[in-house]
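Dear colleague,

I am handing over the structure below, with the request that you read the notes after it alongside the coordinates. Please bear in mind throughout that this is a predicted model.

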Amino acid sequence: KYNGTVDLLNTPIWEEFGVMKFNGTSDIIEREDNFFSIQTGPFTISAEIKTTGTAYQCIMYNHYNPGFSFLTNITNGVLRLWVGGSVLNGNTPVNDGEWHMVSATRDSGGNLKLYVDGVLDNSGTGFTGNATNTNYSFTVGKYETGNYPFDGYISNVRVYYGALSATQIQTLYDNRKSLVFLNGELENSELTFDNTKGTLTLNE
């Protein structure tokens with residue numbers, strides 16, 4: 001089984017494995033320790049998602065100005081990433097009910113890239129704003145404020161200091177089938193919530 005180490009750029013500063021089912025209303029994973037201290041530096045965020053939702057849906061969040069917000073778009077189900085008050089939209093719908101690996105990188109020059117299934121989906125320049133907001137928690141599945149709950153599945157959440165290259169993103173995608181586990185034991189199983197923050201139950 002995969003041992004949780006991704007030897008690409010460096011070790012992720014956070015990984016959350018296992019398939020997590022979000023109910024589209026109350027489910028949320030929340031970290032309150034301000035670990036996401038990216039500020040104006042480079043970063044990579046990535047997750048695998050499965051949804052048919054047509055509303056704005058939060059994948060990951062730490063506010064948006066300052067901070068960042070990674071969502072699916074209400075208009076056509078493409079990706080949408082806010083960083084420090086600036087926004088970049090994707091081109092490929094990801095709300096077709098199939099699994100997709102969605103990723104975003106920002107390099108030290110403020111260049112932003114969105115990827116779907118290991119392939120570059122869109123890019124933009126000038127995203128130099130502060131990606132960290134210490135007044136808000138880092139969340140998965142819904143804004144801390146309660147907005148934009150995710151309806152579907154999220155798995156293999158990763159956060160990196162530094163921007164992974166296109167080749168490294170492709171490598172993550174190519175290896176994705178081995179990454180569904182919890183503590184080295186979980187495969188083809190599912191995690192569900194009991195409607196309290198971050199409390200999960202394993203359904204084998």
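In the hairpin formed by β9 and β10, where 2 residues stand between the strands, D117 adopts a positive phi near 55°. The two strands of this hairpin, β9 (residues 112-116) and β10 (residues 119-124), run antiparallel and are joined by 5 bridges. If you would like a point of reference within the ladder, L114 has N122 in β10 as its bridge partner.

The next item is an open sheet of 6 strands, whose order is β2-β11-β4-β5-β6-β7 and whose pairing is antiparallel. Its edges are formed by β2 (29-31) and β7 (86-89), each of which pairs on one side only. On average, and with direction ignored, neighbouring strands of this sheet are turned by 20° against each other. Within the sheet, the antiparallel strands β4 (residues 57-61) and β5 (residues 68-72) are connected by 4 bridges, and Y61 is found opposite S69 in β5. As a general reminder, the strands of a sheet pair through backbone hydrogen bonds, either parallel or antiparallel.

I then turned to the aromatic side chains, for which the count comes to 9 aromatic pairs. The pair of F22 and F150 is edge-to-face, because the ring centres are 6.3 Å apart and the planes stand at 80°, where an angle over 60 degrees is what the class requires. Since F22 belongs to strand β1 (residues 14-23) while F150 sits in the loop between β11 (138-140) and β12 (151-161), this pair ties together parts that are 128 residues apart in sequence. Are these two residues buried or exposed? F22 counts as buried because its relative accessibility is 0%, and F150 counts as buried for its relative accessibility of 0% as well. Elsewhere among the aromatic residues, ring pairs link Y56, Y61, Y136, Y143 and Y148 into a cluster, and Y61 is the residue already mentioned as standing opposite S69 in β5.

Two residues in loops may also merit a look while you have the model open. K142 is placed in the loop between β11 and β12, and this lysine counts as buried because its relative accessibility is 11%, where the limit is under 20%. The C-alpha atoms of K142 and L71 are separated by 9.4 Å, although the two residues are 71 residues apart along the chain. T132, for its part, is placed in the loop between β10 and β11, and with a relative accessible area of 10% T132 is buried too. From C-alpha to C-alpha, T132 and G84 are 8.1 Å apart in space, while 48 residues apart in sequence.

T132 also leads to the last topic, since this residue is among those lining the largest cavity. How many cavities of 30 Å³ or more does a search of the whole structure find? The search finds 1, and the volume of the largest cavity is about 60 Å³. The lining consists of R31, N34, F35, F36, N62, T132, N133, T134, Y136, S137 and F138, which divide into 4 nonpolar, 6 polar and 1 charged. Y136 therefore appears in two of these accounts, as a lining residue of the cavity and as a member of the cluster of linked rings.

With best regards

How values were computed
Residues are numbered from 1 along each chain as its sequence is written. This is a predicted model: local features need pLDDT of at least 70, side-chain atom pairs count only at pLDDT 80 or more; totals for chains, interfaces and linings use all residues. Side-chain values use heavy atoms; hydrogens and water are left out. Two strands pair if DSSP finds at least two bridges between them. Axes are lines fitted to C-alpha atoms, for helices over the stretch in contact, and angles run from 0 to 180 degrees between N-to-C directions. On a 1 Å grid over the protein atoms alone, a cavity is a set of points where a 1.4 Å probe fits but cannot get out, and a pocket is an open set with protein on both sides within 12 Å along at least five of seven lines; lining residues have an atom within 4 Å of a point. Grid points are joined across faces, edges and corners, and a volume is the space filled by probe spheres set on the points. Ala, Val, Leu, Ile, Met, Phe, Trp, Tyr, Cys and Pro count as nonpolar, Asp, Glu, Lys and Arg as charged, and the others, Gly among them, as polar. Rings of Phe, Tyr and Trp (its six-membered ring) pair if their centres lie within 6.5 Å; planes under 30 degrees apart count as stacked, over 60 as edge-to-face and the rest as tilted. Buried means under 20% relative accessible area, exposed over 50%, partly exposed in between (1.4 Å probe, protein chains only).
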